[in-house]
Amino acid sequence: KTDNGAISDKVQALVDAVNSAANTIGQTTAKGAVLQGSYDVTSLQQSLYAAVSKGGPGGTSLHTYGIDMDSTGKLSFDATAFAAAFTKDPTGTQAAVNDFATSLDTVSTGAIDPTTGNITAAITSANGQITDLNTRINDWTPRLALIQTGLQQKYIAMQTALAKLQSQSSYLTSMLKSMSSGSSSSSSS
């Protein structure tokens, strides 16, 4: 004989896991979040919801077995409704729960399978882009250092030229003043 309470606890844990995954997906894809607009992640969320909407065997509503989804996509589990369904039809209830769990397993495997998962592939792709960008940054670092050194040398040369110009300007100004004061004193004599 199968324990209704043990199955009920497992269904609650499954519902909690779906809610946790949906919440994390919602936070990471919200406006301004790091994965905003990520098709792979939003598609995963829709697949989770579709697994719930699909229902049990023969399209029976999971609500019959205590599993429900509100308008925001949050799942709930009613242990009392589950117990009533289990008491009435233990085999059918187990089949519905098994079908629900299998659908969720298919969704999660399709996302995180190490070789074929779409989320795994997205992570691999993102890591490849990071590696490429790091390589480009490393390639540009010495180039930028050379450009910086060249610009610093030009700036120093410009400062030196401006200092000479200022010195000559000061010299010419003082010469003109002395010539001007010499002319003034000779014209007054």
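Let me start with one residue, Gln148, which is partly exposed with a relative accessible area of 46%, and which sits in helix H5. I should say at once that what we are looking at is a predicted model, and every value I quote is computed from it.

Staying with Gln148 for a moment, its C-alpha lies 15 Å from that of Met158, and the two residues are ten apart in sequence. A second distance from Gln148 takes us to another part of the chain: Gln45 is 103 residues away in sequence, and the C-alpha atoms of the pair are separated by 48 Å.

Is Gln45 buried or exposed? Its relative accessibility is 13%, and because the cut-off for buried is under 20%, Gln45 counts as buried. This residue belongs to helix H2, which covers residues 39-54, and, leaving aside residues up to four places away in sequence, Gln45 touches Ala22, Ile25 and Gly26.

Back in helix H5, there are two further residues I would like to put on the map. Ile130 is placed in that helix and is partly exposed, its relative accessible area being 44%; between Ile130 and Ser8, which stand 122 residues apart along the chain, the C-alpha separation is 44 Å. Asp132 is likewise in helix H5 and is partly exposed at 36% relative accessibility. From the C-alpha of Asp132 to that of Tyr171 there are 58 Å, with their positions 39 residues apart along the chain.

Let me now step back to the whole protein, where we have five helices and two strands, arranged along the sequence in the pattern α-α-β-β-α-α-α. How does the radius of gyration compare with what the globule rule gives for 189 residues? The radius of gyration is 38 Å, well over the 16 Å from that rule, so the protein is more spread out than a compact globule. The spans of the C-alpha trace along its principal axes are about 130 × 35 × 25 Å.

On the surface side, 22% of the 189 residues are buried, and the accessible surface comes to about 12,700 Å², with 59% of it belonging to carbon and sulfur atoms. As for charge, there are 11 positive and 13 negative charges, and their mean positions lie 23 Å apart. Turning to contacts, if we take those between residues at least 6 apart in sequence, 51% of them join residues at least 24 apart.

Finally, a word on confidence, since this audience will want it before using any of these distances. The average pLDDT of the protein is 88, and 95% of the residues score at least 70. Where is confidence lowest, and where is it highest? Helix H5, residues 118-188, has the lowest mean, at 86, whereas strand S2, residues 75-77, has the highest, at 95. I would add that Gln148, where I began, lies in helix H5, as do Ile130 and Asp132, so to speak of any of them is to speak of the element in which the mean confidence is lowest.

Note on methods: Residues numbered from 1 in each chain as written. Predicted model: local features only at pLDDT ≥ 70, side-chain atom pairs only at ≥ 80, totals over all residues. Heavy atoms only, no water. Helix = DSSP H or I, 4+ residues; strand = E, 2+ residues; numbered from the N terminus. Rg over C-alpha atoms; globule rule 2.2 N^0.38 Å. Buried < 20%, exposed > 50% of the residue type's maximum accessible area, 1.4 Å probe, protein only. Contact = heavy atoms within 4.5 Å. Areas by Shrake-Rupley, 256 points an atom, 1.4 Å probe, with all protein chains shown as cover. Lys, Arg positive; Asp, Glu negative; His and termini not counted. Charge placed at Lys NZ, Arg CZ, Asp CG, Glu CD. pLDDT = per-residue confidence, 0-100.
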